Amino acid sequence: MNRNLFITLLIIFNIAIDQVSKVIVRTTMIKGGKGQINVIKDYFQLIWVENKGAFLGMGSDMNPTLRLVFLLVLPTLVLGYVIYYILKTKELDRMSLIAFCCIVGGGIANVFDRIVFGEVTDFFYIDLGGVFRTGIFNVADLSVTTGMIILLFSGIFNNKKKRKDC
C-alpha cells in the first residue's frame, strides 16, 4: 500500500471511530452521572460528560481567549507539524508511523469537537478498586495515549537495536 495512503487511512480511521462513538453516546445516554452504565460492575463505566478543558478537564477554567489559544490554535499547529513530519520523514519505522497516526487522529478528533461543539465529549471511566482510577476520557484520548505508548516502546526498541549494531 502507498505510504501516504496508509497514513491518511489510519488517521481517518482514528477520527472515525472516535466520532462514531461520540455520536452513539450523545444519542443514547443521559448526560452526567445519572445515566451511567456499568459495563463491568463498577470497574468500567460509561459516564457522559462534556469537557471544556483538555485532559482531565485541565484548562476548563481558563478565560475563553487562553482556552482558544492553548486548546485549539496551539494543538492545531502542532498537529499540522506532526502531519508534515510523518509525510516528509521517510526513515520512520512502521511502529513509529502508526504511533504518530494514532496521536494525530486522536488529536484531530478532539480539536474537531472543540470547533464544532465548543467542548469535548468524554464517557469512559475505569476504577480498579482505588488501585487504578482514570478521569473520564474518550476514544480520541485512548488513540493519543496508545500512540504515545507505542512511540515510547518503539524508541526504546530502536535504541537497543542501534546499540547492538555498534
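**Exercise 1.** Work out how far apart the closest N and O atoms are in the salt bridge between E119 and K52, and which loops the two residues sit in.

*Solution.* Start with the distance: the closest N and O atoms of E119 and K52 are 3.8 Å apart. That fits the cut-off, since a salt bridge is a side-chain nitrogen of Lys or Arg within 4 Å of a carboxyl oxygen of Asp or Glu. Next, the places: E119 is in the loop between α3 (94-117) and β3 (120-126), while K52 is in the loop between β2 (44-51) and α2 (64-88), so the pair ties together parts 67 residues apart in sequence. (Helices are DSSP runs of H or I with at least four residues, strands runs of E with at least two, numbered from the N terminus.)

Before you go on: this is a predicted model, where local features need pLDDT of at least 70 and side-chain atom pairs count only at pLDDT 80 or more, while totals for chains, interfaces and linings use all residues. Residues are numbered from 1 along each chain as its sequence is written, and side-chain values use heavy atoms, leaving out hydrogens and water.

**Exercise 2.** Decide whether E119 is buried or exposed, then do the job for D127 and R133.

*Solution.* Grab the cut-offs: buried is under 20% relative accessible area, exposed over 50%, partly exposed in between (1.4 Å probe, protein chains only). E119 has 17%, so it's buried. D127, with 16%, is buried too. R133 comes out at 52%, which makes it exposed. D127 and R133 form a salt bridge, with their closest N and O atoms 3.4 Å apart.
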